[in-house]
Amino acid sequence: MCILNHMATFYRKYRPQKIDELDLEMVRVQLANVLRSSSVPHAFLFSGARGLGKTSAARIVAKSITCETRLTSKHPETDIEPCNHCDACISITKGMAPDVIEIDGASNRGIDDVRSLRESIASRPLRLHKKIFVIDEVHMLTKEAFNALLKTLEEPPEHVIFIMATTEPHKLPETIISRAFHIQFQ
């Protein structure tokens, strides 16, 4: 058990904190391009095998979108990296940001879970300028849950961004995939 705790601590300590630190070049390029654009998509879909950095990338995107230093920069289109020093970045890194909600799709897969999520979506962010929902293992949602999520993806509030991660994108309805900016981690 001690070895597992040490490995988890090691992983958290050395997890990438910037886009440039992600292992996959194509992912770095795609994220940089989308963050440089004038409008960030309201939904991302990260797909690929386990261990390729989907969750790390989701947290980095959350930081980049909400980074106070980046938002006040004179050149936010070129300053795409999170500063990792402002309150927003620090709270996300520590997993303490109230406006970045991480959901395990395997444990919260039913329609009632998505209905609860939809209620949370309606409220404005508490501290950050965006509310970001990271749904890991999104392919585990039930058909009814996907239908409820689809309604939200079709008409998302301005203050909400979804980042969905999956190892099995073929299990997602095409209607969900078509409403997200899809990045494949290969």
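These are my notebook entries on a predicted model, covering confidence, helices, cysteines, rings and a few single residues.

**Confidence**

I started with pLDDT. The mean for the protein is 90, and 92% of the residues reach 70 or more. I then went looking for the weak stretch: residues 4-8 stay under 50. For those residues the model has zero contacts beyond four places in sequence, and I left them alone after that.

**Helix α2 and V34**

Next I pulled up α2, residues 25-36. The helix has twelve residues and reaches 16 Å from its first C-alpha to its last, close to the 16 Å expected at 1.5 Å a residue. Which of its residues are buried? I got V27, L31, A32, V34 and L35. I also checked what those buried residues pack against: β1 (43-48), α3, α4 (68-71) and β5 (181-185).

I picked V34 for a closer look. Its relative accessible area is 8%, so V34 goes down as buried. Skipping neighbours within four places in sequence, I listed S39, V40, P41, F44 and F181 as the contacts of V34. I also took one distance from here: V34 to A88 is 20 Å, C-alpha to C-alpha, with the two positions 54 residues apart in sequence terms.

**Rings**

Two of the V34 contacts, F44 and F181, made me check the aromatics. How many aromatic pairs are there? The count comes to four. Ring pairs link F44, F46, F181 and F185 into a cluster. So V34 touches two members of that cluster, going by its contact list.

**Helix α3 and S64**

Then α3, residues 54-66. This helix has 13 residues and spans 18 Å from first C-alpha to last, close to the 18 Å expected at 1.5 Å a residue. Is α3 mostly covered or mostly open? It is mostly covered, with eleven of its 13 residues buried. I wrote out the buried set: K54, S56, A57, A58, I60, V61, A62, K63, S64, I65 and T66.

S64 is the one I zoomed in on. Its relative accessible area is 0%, so this serine is buried. I wanted to know what its side chain has for polar company. A polar atom of the S64 side chain lies 2.4 Å from the backbone oxygen of I80. I80 also turns up in the contact list of S64, along with L35, R70 and P82, once neighbours within four places in sequence are set aside. L35 is one of the buried residues of α2.

**Cysteines**

I searched the whole structure for disulfides and found zero. C83 is in none; the nearest cysteine sulfur belongs to C67 and is 3.6 Å away. C89 is in none either, and the nearest sulfur there is that of C86, at 3.6 Å. Why no disulfide at those distances? The cut-off is 2.5 Å between sulfur atoms, so a separation of 3.6 Å does not count.

I looked up burial for both. C83 is buried at 16% relative accessible area. C89 is buried too, at 0%.

**Strand β2 and I103**

Over in β2, residues 100-104, I looked at I103. Its relative accessible area is 17%, and the limit for buried is under 20%, so I103 counts as buried. Beyond four places in sequence, the contacts of I103 are N108, L117, F133, V134, I135 and D136. I also noted the separation from T66: 37 residues along the chain and 19 Å between the C-alpha atoms.

**Positive phi**

Last, I went through backbone angles. N84 has phi near 65 degrees, a positive value in a residue other than glycine. Where does N84 lie? It lies in the loop between α4 and α5 (87-93). Its relative accessibility is 19%, under the 20% limit, so I marked N84 as buried.

E137 is another one, with phi near 55 degrees, again positive and again not glycine. I found E137 in the loop between β3 (131-136) and α7 (143-154). At 12% relative accessibility, E137 also counts as buried. So my entries for N84 and E137 both read: loop residue, positive phi, buried.

Notes. Residues numbered from 1 in each chain as written. Predicted model: local features only at pLDDT ≥ 70, side-chain atom pairs only at ≥ 80, totals over all residues. Heavy atoms only, no water. Helix = DSSP H or I, 4+ residues; strand = E, 2+ residues; numbered from the N terminus. Buried < 20%, exposed > 50% of the residue type's maximum accessible area, 1.4 Å probe, protein only. Polar contact = N/O pair within 3.5 Å; in protein donor to acceptor, adjacent residues only side chain to side chain. Contact = heavy atoms within 4.5 Å. Phe/Tyr/Trp six-rings, centres within 6.5 Å; stacked < 30°, edge-to-face > 60°. pLDDT = per-residue confidence, 0-100. Expected span 1.5 Å × (residues − 1).
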